[in-house]
Amino acid sequence: MASDVPSLPPPKNTFTIKIGLIGDAQVGKTSLMVKYVENVFDEEYTQTLGVNCLSKKITLGSADILFYIMDLGGQREFINMLPLASEGAKAIVFLFDLTRPETLKSIQEWHRQATGFNERAVPLLVGTKYDLFVNLDPDLQAQISKQSMRYAQAMDAPLIFCSTSHSINVQKIFKIIIAKLYNLTMRASEIKQIGDPLLIYKHLGGTRRSASASSSSPPGTST
Ligand SMILES: Nc1nc2c(ncn2[C@@H]2O[C@H](COP(=O)(O)OP(=O)(O)OP(=O)(O)O)[C@@H](O)[C@H]2O)c(=O)[nH]1
Ligand SMILES: [Mg+2]
């Protein structure tokens with residue numbers, strides 16, 4: 001009798017992934033977040049005072065993933081808010097400016113402090129402003145690339161060079177996060193050639209933390 005009544009689609013499972021964005025002032029944290037969530041890039045700099053937060057929902061197979069992105073202002077005065085961005089995060093993205101090597105050096109300290117609040121989060125190391133980096137002297141490019149590879153190894157973190165202004169590797173950052181959290185295979189090829197926008201993720205960032213997410217894996221999905 002009720003056979004003509006269309007049945008409602010089954011409710012989707014929603015998986016919430018909190019992500020912290022951390023790194024020195026002006027490396028491009030807010031720009032990356034706004035680009036990913038709203039697909040907008042602003043050349044003008046507006047300093048983040050404290051913590052910014054945006055969310056974005058994507059569908060993956062039969063599940064919804066809700067990214068909850070916390071962006072911490074990089075000025076040292078906001079360091080007391082580091083727990084807001086790192087506690088409970090499933091992934092922490094450490095960003096540095098590819099044209100300012102001192103911002104890579106700072107990652108050591110950001111990583112040490114953030115790990116103190118959350119040692120289970122998957123770390124990612126992201127070099128920003130690749131569009132400007134390509135104009136640097138090739139020797140300097142090589143030096144910065146090799147140094148960032150060493151940092152990525154030491155942190156056991158996938159390494160991604162991106163340009164928010166030119167939309168290079170922005171989406172990939174978030175795909176890698178999902179792949180690492182849910183042990184999914186990613187199709188994107190790695191990029192390891194010095195001078196190219198590096199994308200090195202296959203053997204990094206997957207070891208000690210997968211157990212925290214495996215209990216809530218979206219079924220039958222791939223990125
Ligand atoms: N050329 C270029 N400029 C960028 C890129 N990403 C960000 N910028 C610029 O870099 C400046 C700083 O970017 P923000 O995103 O505000 O930096 P932030 O890390 O959030 O800085 P704080 O809020 O102070 O921590 C802005 O003028 C951006 O337009 C990029 O990929 N390429
Ligand atoms: Mg900011």
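The buried residues of helix 6 pack against helix 3 (101-105), helix 4 (107-117), strand 5 (122-128), strand 6 (159-161) and strand 7 (199-200). Helices (H or I, at least four residues) and strands (E, at least two) are DSSP runs, numbered from the N terminus. A residue is called buried if 20 or more other C-beta atoms lie within 10 Å of its own, exposed if 12 or fewer, and partly exposed in between, with C-beta atoms placed from the backbone.

This is a predicted model, in which local features need pLDDT of at least 70 and side-chain atom pairs count only at pLDDT 80 or more, while totals for chains, interfaces and linings use all residues. Residues are numbered from 1 along each chain as its sequence is written, and chains are lettered from A and ligands numbered from 1 in the order in which they are written.

**Confidence**

The protein chain has a mean pLDDT of 91, and 91% of its residues reach 70 or more; pLDDT is the predictor's confidence in each residue, from 0 to 100. Over residues 210-215 the pLDDT is below 50, and this stretch has six contacts in the model beyond near neighbours in sequence. Two residues are in contact if their C-beta atoms, placed from the backbone, lie within 7 Å.

**Helix 6**

The buried residues here are I144, S145, S148, Y151, A152 and M155. Seen down the axis of helix 6, they fall within an arc of 125°, so they line one face of the helix. The arc is that of the directions from the helix axis to the C-beta atoms. The face turned away from the buried side carries the exposed residues P138, D139, K146, R150 and A154.

Helix 6 covers residues 138-155, and its 18 residues should span 26 Å at 1.5 Å a residue; the end C-alpha atoms are 26 Å apart, which agrees. The expected span is 1.5 Å times one less than the number of residues.

**Helix 7 and the core**

Helix 7 (residues 170-181) includes K175. Ten of the twelve residues of helix 7 are buried, among them V170, F174 and L181. K175 counts as partly exposed because it has 18 C-beta neighbours inside 10 Å. The C-alpha atoms of K175 and M186, eleven residues apart along the chain, are separated by 7.9 Å.

The largest nonpolar core has 54 residues, and those with the most contacts inside it are A91, L124 and I177. Such a core is a set of buried Ala, Val, Leu, Ile, Met, Phe, Trp, Tyr and Cys residues joined through C-beta atoms within 7 Å. Helix 7 gives the largest share of this core, eight residues. Leaving aside neighbours within four places in sequence, I177 is in contact with I17, I19, A91, V122 and L124.

**Positive phi values**

The table lists four residues with positive phi.

| Residue | Place | Phi |
|---|---|---|
| D156 | follows helix 6 | near 50° |
| S167 | loop between strand 6 and helix 7 | near 55° |
| N169 | loop between strand 6 and helix 7 | near 60° |
| N183 | follows helix 7 | near 55° |

S167 is partly exposed, with 13 other C-beta atoms within 10 Å, whereas N169 has 23 C-beta neighbours inside 10 Å and counts as buried.

**Ligand 1**

Ligand 1 is surrounded by 23 residues, of which the closest are G28, T30, S31, T48 and G74. A residue is near a molecule if its C-beta atom, placed from the backbone, lies within 6 Å of it. Helix 1 (29-38) and helix 5 (130-133) each supply at least two residues of the shell, and helix 1 gives the most, with three residues.
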